[in-house]
Amino acid sequence: MKRGAAGAASAAFAAMVAAGAARASSGLDSPDIGVLQLGRGGAWVARADDPLAAYFNPAGLAAQRSSAHGGVHFIQLAQCFTRLGPDGQPVPPSYTTAIPGPGSEGGPDPEVCAEGGLFPNPQIAATLRVSDALAVGVAVLGPHGVGERAWPESLAYTHPSFGEMTQPSPQRYLLTSLDALMVMPTLSVGFTPAEGISIGAGFIWGMAVIDFVNFAEATSSAGGDDFNAHGDLRARAKADDLFIPGFVLGARWAATAHLDLGAWFKWQDAVRAKTDLTIESRYWTPAGVKDEDPCGGEPPGCNVTEERDAGDLKMRIPMEAKLGLRYHRPRAGAARPARTSAAEPRVRDPMVDDLFDVELDFTWANNSAVDAIEVRFREDIPVRGTVVGTVPPNADVPHRWRDVLGVRLGGDFVVLPNLLALRAGGFFEQKGQDDADLNLDFHLGYRVGVGAGMTARVGPVDISAAFQHTFFGPLDNGGKGRIKAVSGAVPSGYRSIQSVNGGRFESSLDEFGLSGTMRF
């Protein structure tokens with residue numbers, strides 16, 4: 001093995017950054033987080049009527065009362081992957097042993113699914129009116145996604161002759177676990193320079209702390225996967241970037257008494273992270289079971305490499321933009337925004353002012369900026385438990401994403417003025433990646449989501465709930481993937497000869513949200 005340890009680390013870095021890189025139609029997560037947004041299919045940029053506007057359209061702050069908001073999404077993400085070779089058949093863990101591969105007689109099921117339950121994803125935000133024309137807002141939120149995922153390192157199965165057995169899982173070179181903590185605090189201002197027109201801007205201070213595990217090969221050959229002959233390496237990468245600056249811009253125009261237009265743009269700097277790396281060699285026994293005594297008579301830890309600040313990662317974050325058109329029918333007697341007194345700043349309150357509204361949004365994300373995750377290691381980092389093993393200095397991970405366009409349609413109907421509103425909506429987003437480049441860090445197939453929700457007003461507090469289901473178009477390359485594991489094989493350029501992402505990747509997402517907003 002010459003340079004086989006970085007395969008796990010480099011793929012790890014790819015998922016680390018993407019875990020918190022973007023939102024909206026970026027392909028990295030679902031549309032806008034927030035309970036009102038969830039119930040409207042994300043069609044909210046022109047409405048922008050709660051404190052989360054500090055991030056999703058700061059122009060909307062200028063027409064809000066001072067308020068505080070707290071919410072949480074409970075997200076259930078189901079993902080399964082069926083690894084296939086170029087012949088369209090499941091890939092065995094070793095071509096030099098008699099271990100039955102997935103889908104073969106006596107072997108495990110070829111479909112491998114991620115583990116995990118409900119993931120809580122919270123948000124808090126507040127708006128403070130400074131004057132009749134100016135408001136300040138702050139929002140603290142994370143990406144609209146799941147921060148914890150676990151895929152099996154090995155598969156348990158019952159052999160008809162040998163009973164209970166295990167073998168290395170087929171997706172191990174792509175992902176086995178991810179634990180990410182992401183926050184995107186945003187401070188914004190909204191200003192009304194003229195009646196019916198508002199503009200806004202905000203500064204993002206993004207932060208990320210991520211822990212990731214997957215596998216690489218020490219050597220490679222034309223036969224395919226072989227955990228035994230190729231000497232699998234398990235790598236754990238931990239990274240943090242505590243300053244990912246960015247900004248949001250927003251605008252809102254009440255063009256007529258019935259039509260509002262909203263626009264939003266986001267830019268954020270690339271993620272740049274120093275990374276700690278832990279590598280375990282001699283991981284499996286020849287039978288495909290985790291080796292609990294890899295050192296034998298050698299000192300304990302002979303196979304473990306721990307290196308702080310082992311490398312640098314850079315991943316560009318796509319720019320994003322949204323444009324929304326909102327039609328609303330003012331309620332008789334409330335055609336203009338409601339005021340409780342002549343001295344109070346003019347604000348919008350759709351639960352008082354409108355009978356119903358319908359919004360159509362168009363979204364764009366510059367995903368093509370993410371052609372590869374740049375992963376560079378220090379020269380000559382030794383890998384313990386191998387023969388003259390070092391980590392390769394260049395372990396870039398190709399992704400080849402494409403720009404994504406999306407459309408959202410949603411609206412509210414006020415059943416009881418100032419008391420109860422119902423809402424529903426849906427969205428569609430384009431496919432953002434070729435099937436041959438699929439990876440388990442994020443699912444970039446097309447997406448279709450449908451949601452519904454409600455708001456009940458109890459005094460100064462709005463209590464909202466919503467549910468949304470998201471369908472993902474499967475990514476399926478029939479076994480003809482293009483992603484290679486990093487390997488110590490010099491003739492193949494330190495990459496595995498076989499692809500490790502051939503097959504079919506399927507996902508679905510269910511989530512329930514609950515929030516409260518108090519207006520002062």
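**Exercise 1.** How many salt bridges does the count come to?

*Solution.* Start with the rule: a salt bridge is a side-chain nitrogen of Lys or Arg within 4 Å of a carboxyl oxygen of Asp or Glu. By this rule the count is 34 salt bridges. A word on the source: this is a predicted model, where local features need pLDDT of at least 70 and side-chain atom pairs count only at pLDDT 80 or more, while totals for chains, interfaces and linings use all residues. Residues are numbered from 1 along each chain as its sequence is written, and side-chain values use heavy atoms, leaving out hydrogens and water.

**Exercise 2.** Find the partner of Glu307 and place both residues in the chain.

*Solution.* First, Glu307 pairs with Arg378 in a salt bridge, with the closest N and O atoms 2.3 Å apart. Next, Glu307 sits in strand β14 and Arg378 in the loop between β17 (372-377) and β18 (397-398), so the bridge links distant parts of the chain, 71 residues apart. Strands are DSSP runs (E, at least two residues), numbered from the N terminus. Last, Glu307 is partly exposed at 21% relative accessible area, and Arg378 is partly exposed at 37%.

**Exercise 3.** Are Asp357 and Arg326 buried or exposed?

*Solution.* Recall the cut-offs: buried means under 20% relative accessible area, exposed over 50%, and partly exposed in between (1.4 Å probe, protein chains only). Asp357 and Arg326 form a salt bridge of 2.8 Å, N to O. Asp357 is in strand β16 (residues 354-365) and Arg326 in strand β15 (residues 320-330). Both residues are buried.

Note on methods: Helices (H or I, at least four residues) and strands (E, at least two) are DSSP runs, numbered from the N terminus.
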